[in-house]
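Let's sit down with a model together and practise reading it, one feature at a time. Bring your questions as they come.

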Amino acid sequence: MNNFALITIIIIYLAVLFFIAFFAEKKKQSKWVNNPYVYTLSLAVYCSAWTYYGSIGIAANSGINFLPIYLGPVIAAPLWIIVLRKVIRISKQHKISSIADFISLRYGNNRFLGALVTVICLFGTLPYISLQLKAVSETFEIMSDNTSYVSTTVIDDSTFYVALLLAIFAAFFGTQNTDASEKHKGIIASVAFESILKLVFFLIIGIYVTFYLFDGTTDIYNKISITENFKELTTLKGVEDGFNWFFMIALSFMAIFLLPRQFQVSVLENNREKHLKKAIWLFPLYLLLFNLFVVFIAWAGKITFLDTKNAEYYTLLLPLENGNSFLATLVFLGGFSAVISMVIVSTLALSTMVSNNLIIPYGFLDKFIRNQPDRNSKYIKNIRRISVFTIIIIAYFFYVSFSKELSLYSIGLISFVIISQLAPSFFIGLYWNRGSSKAAIIGMILGFCIAVYTLVLPFTLQAYTGTDHFTQFGFLGIAALKPYALFGINFLSPPAHAFFWSITFNVLSYLIFSLASKGNYRERNYAEMYVDSTNFTKLQDSALVWKGEAYVADIKNVLIRFLGEKRATRALTIFFTKYRLSQNTQLADARLINFSEKLLTGSIGSASAKILISSVVKEEQISLVEVLKILEESKENIVNNKVLLEKSNELTQLSSKLKGANSKLISKDKQKDEFLDTVAHELKTPITGIRAATELLLDEDDDMPKEIKTQFLKNILQDSDRLGRLINNILDFEKLETGRIDLNLKLNNLQKTIKKVLTSISQLAAKKGVKLINKNPRELFLVFDEDKIHQVLTNLLSNALKFCPTEKGEIIIDYRLVNEEVEVVIEDNGKGILEEDFSYIFDKFYQSKNQNTIKPEGSGFGLAITKQIVEKHNGKIWAEKDQKSGAKFVFTIPFN
Amino acid sequence: MKRKILIVDDEPNIVMSLEYAFKKQNFEVFIARDGSEVFEILKGEIPDAIILDVMMPNVDGYQTIKKIKETLNLTATKVVFLSAKNKASDIEKGLKLGADKYLTKPFSVKKIVSEILELLN
């Protein structure tokens, strides 16, 4: 393929990425941008060109040793829920914008520590970026047909232009906000897209090589297994190899947390903590898929080319060898994706660190204080943009002058070892509050120096002098100082060896110096916030202990310089409202100091924020003891508040219970009123009838016909009876309801009682043409009050009779034994019970609308009294729902 | 022409007394046992007076008068409540709904008759 075509493809691809990033920035809130899959795919920025090309090189040359680099992250993934979640919470709370900020804040906003972390990250990442450029350049060369052409100057080296394009991309999407703790949705979306591409293309070439070029995995295995030293490459060689594996796994375990690009995507770009839950299994799965075909491609390459000189690029060489340049282009694009995502995220992370932890705190603060606010924001952005370009250009020159000689794998490991020097202060500092800044600095510098001595120096010297004199005989010829065999430990691979010694010294000095020297109060304050993050998150701005004299106006002035008048005023208004302070508060307290530092942290880093704020306030020194005491008190306050909250909740519940009881009482009163009203109304009705009829009968002027006279007299009689019945019912009911009635309990024959009731209503039934059926003729003896049960049966049967149709009516009475009680059933074929009546039929005075007589004989007490009697016998009464026709009443009498 | 009166009550004994008394006064008497029957009768007749009970099954007295006032244009017909409910609030409610008088049970038949006659003259 000619250069022109290849460059066109690259530019089109970059344009697509640009579009995706642009789109994601525009639709920041869309669920296409904010979901656990995008998050997981962004984590896959871990798989750079090293994974894409380097793994195969290692697999071809040293067998399965490429695996530990992926086992570390796989082991780390389940721990994310604990460790990473804590880191994410702390970072969000303090508006942290880089790992340098994270570590320096833990050790009391230590400016020097932040700068040191930045420098270590630069050392660790620059070679790594140059490694990516190397991959682009070499693959470009393989892809283009004029292989004889080798660039001699920067101007006609296409890699340089690719590097520049990436710098533009990173600068454009990385500096949309002055506040670096804001999310970079555009970059993340494009990284996620690239992660899909690189995986898919890698799998395609894997399948192509394994199943198209060869006859499946067994075919490759059979062919490779007869080559020499095959066994060596596929087994671990004794304890030494075991150690190597262990250290490599530990190394990559740390790297997945500490690499600036991983910190950027996993912590700073995390939208929701719950996304972690998906990532902890999806990310290992991604790594697994990526490593599926590595071994087979490596073997296939070995079989095809017979040498392993270009093993890293087997994925490109194999399809090209077989004339499939389309597939090779796909592979190239996949590798290019891996490069772009790594370079862009790394430079984004580094540029933030360089500007917020190196440049701004060491030289630009004075300028900022004098500058106009709007210019400050531009200034900060420009510092970052220049950092992005500088980093990429330095990486380019690093690549030109150094890494042409080195393999992808070895540069990658150098990076890992250097970055791992952050591990003790990062991990231990997260769980041990005694870790101090002095110890962190000493440990890091010591570890870094050892790593340089045992890994970087021998590499560089060998590359420059061409001899391995240094490696062979050690510094000044001292055998114990041989860089690859320090103090006689000669069985480890150089990276494992460097890692072992540097991290050992680092950890030891961190622990020893932490124990030996107490940190200052500010340090200890932040240490508590980190270690006990769950409690301190609740304390919010009160988590910072601060004493001294500060004026809101001064602080506001500082805020305005960086946030502008509008944002600063709005932030302060929010602060005052949140803590219920007057908007005219003059003196600033610890909370405002902490709040303002946080506000500035995103833009200029935590160290600078602290320096700026302390420049306008007079801080008093506080003793460590006092800090700890105050913190303890604040924590106790939280606990007390919690107790108070619980108590207040209890009180609320209690008062709502009281309210309930009260309203029940009120409704009881109301019920009583209604009861009396209804009683009065019921009594008045027959009295009215009697009074009216009597009045008419008494009128002597009237010559009333005899039959009417008789009718009136009959009416009076009827009404009098009704009155009497009503009064009896009311009294009965009251007695039953208040429990002032004793049952006359005796052993009785239920059959006999039923027959008595049937006899007493048989005349009425016959008159209406209703058939009475006594279904169960057996005798049954049990204990009950005969009079009362007689009343129950009478009520239920006359109710049934009332609702039965004339002539065709039928009432069935039946009983059976169910679970130590008698169930008596009275069923009719009348109108049935209306749905709306079910809940009320047993209420006193309730009379259904569904009656066919003009005015019912009943008093509205019947069923209410019936229910009382049955319950007095410890029985139950109910009306069956879902009857197809008619009503069915059931009541029970227990045997004991 | 005979004057017409409609008696609405669900208590047959009470209705019987009122019916007798008004027939004596030469009224043509119509009887309804609840609100719904009222409208059946009002389809064909325009009574001079209506005596209305409050507590009745199905459609009560309040609903009945409301419906009469809303749907029928019976400007000349006097409506009198006759109910056992004698609380001030009940009476007020009845009058507010447009009744001309609110009389309570138990009542004197003579008084009811004279009240009605007075209203109609």
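The dialogue below goes from confidence to cores, then to a buried helix, a single residue and the chain contacts.

Q: Before I look at any detail, what kind of model is this, and what ipTM and pTM does the predictor give the complex?

A: It is a predicted model, so confidence is a good place to begin. The predictor gives the complex an ipTM of 0.93 and a pTM of 0.63.

Q: What is the mean pLDDT of each chain?

A: Chain B has a mean pLDDT of 90, with 100% of its residues at 70 or more. Within chain B, the lowest mean among the elements belongs to helix H2 (residues 35-42), at 88, and the highest to strand E3 (residues 49-52), at 94. Chain A averages 82, and 89% of its residues score at least 70. For residues 849-856 of chain A the pLDDT is below 50, although this stretch has 16 contacts in the model beyond near neighbours in sequence. As a general rule, where pLDDT is low, the predicted coordinates should not be read in detail.

Q: Now the fold. How many helices and strands does chain A have?

A: Chain A has 33 helices and 9 strands. Of its 896 residues, 44% are buried. Among its contacts with a separation of 6 or more, 81% link residues 24 or more positions apart.

Q: How should I read a nonpolar core, and which residues have the most contacts inside the largest one?

A: The general idea is that in soluble globular proteins, nonpolar side chains tend to be buried together. Here the largest nonpolar core has 195 residues, and A:Leu166, A:Leu258, A:Ala298, A:Val417 and A:Leu422 have the most contacts inside it. Helix H17 (residues 325-370) of chain A gives the most to this core, 21 residues. Both domain 1 (3-23 + 47-516) and domain 2 (542-619) of chain A supply at least three residues each to this core. Another core, of 38 residues, lies apart from it and includes B:Ala21, B:Phe27, B:Phe107 and B:Ile116.

Q: Could we zoom in on one of those residues? What does A:Ala298 touch?

A: Leaving out residues up to four places away in sequence, A:Ala298 touches A:Ile56, A:Ala59, A:Ala60, A:Ala311 and A:Tyr314.

Q: Why is helix H2 of chain A described as largely enclosed?

A: Count its buried residues: helix H2 (residues 36-43) of chain A has 8 residues and 6 of them are buried, so the rest of the structure largely encloses it. The buried ones are A:Val38, A:Tyr39, A:Thr40, A:Leu41, A:Ser42 and A:Leu43. They pack against helix H9 (185-213), helix H13 (260-268) and helix H14 (275-291) of chain A.

Q: Over to chain B. Does B:Tyr102 count as buried or exposed?

A: B:Tyr102 counts as buried because it has 21 C-beta neighbours inside 10 Å, where the cut-off is 20 or more. B:Tyr102 sits in strand E5 (residues 101-104) of chain B. Beyond four places in sequence, its contacts are B:Phe81, B:Ile91, B:Gly94 and B:Leu95. Between B:Tyr102 and B:Ser83 there are 7.9 Å, C-alpha to C-alpha, with the two 19 residues apart in sequence.

Q: Last one: how many residues of each chain are in contact with the other?

A: On chain B, 21 residues are in contact with 19 residues of chain A. Helix H1 (12-24) and helix H5 (109-120) of chain B are the elements giving two or more residues to that side of chain B. H1(B) provides the largest share, 7 residues. By type, this side of chain B has 11 nonpolar, 4 polar and 6 charged residues.

How values were computed
Residues are numbered from 1 along each chain as its sequence is written. Chains are lettered from A and ligands numbered from 1 in the order in which they are written. This is a predicted model: local features need pLDDT of at least 70, side-chain atom pairs count only at pLDDT 80 or more; totals for chains, interfaces and linings use all residues. A nonpolar core is a set of buried Ala, Val, Leu, Ile, Met, Phe, Trp, Tyr and Cys residues joined through C-beta atoms within 7 Å. A residue is buried if 20 or more other C-beta atoms lie within 10 Å of its own, exposed if 12 or fewer, and partly exposed in between; C-beta atoms are placed from the backbone. Helices (H or I, at least four residues) and strands (E, at least two) are DSSP runs, numbered from the N terminus. Domain bounds come from an automatic or database domain assignment. Two residues are in contact if their C-beta atoms, placed from the backbone, lie within 7 Å. Ala, Val, Leu, Ile, Met, Phe, Trp, Tyr, Cys and Pro count as nonpolar, Asp, Glu, Lys and Arg as charged, and the others, Gly among them, as polar. pLDDT is the predictor's confidence in each residue, from 0 to 100.
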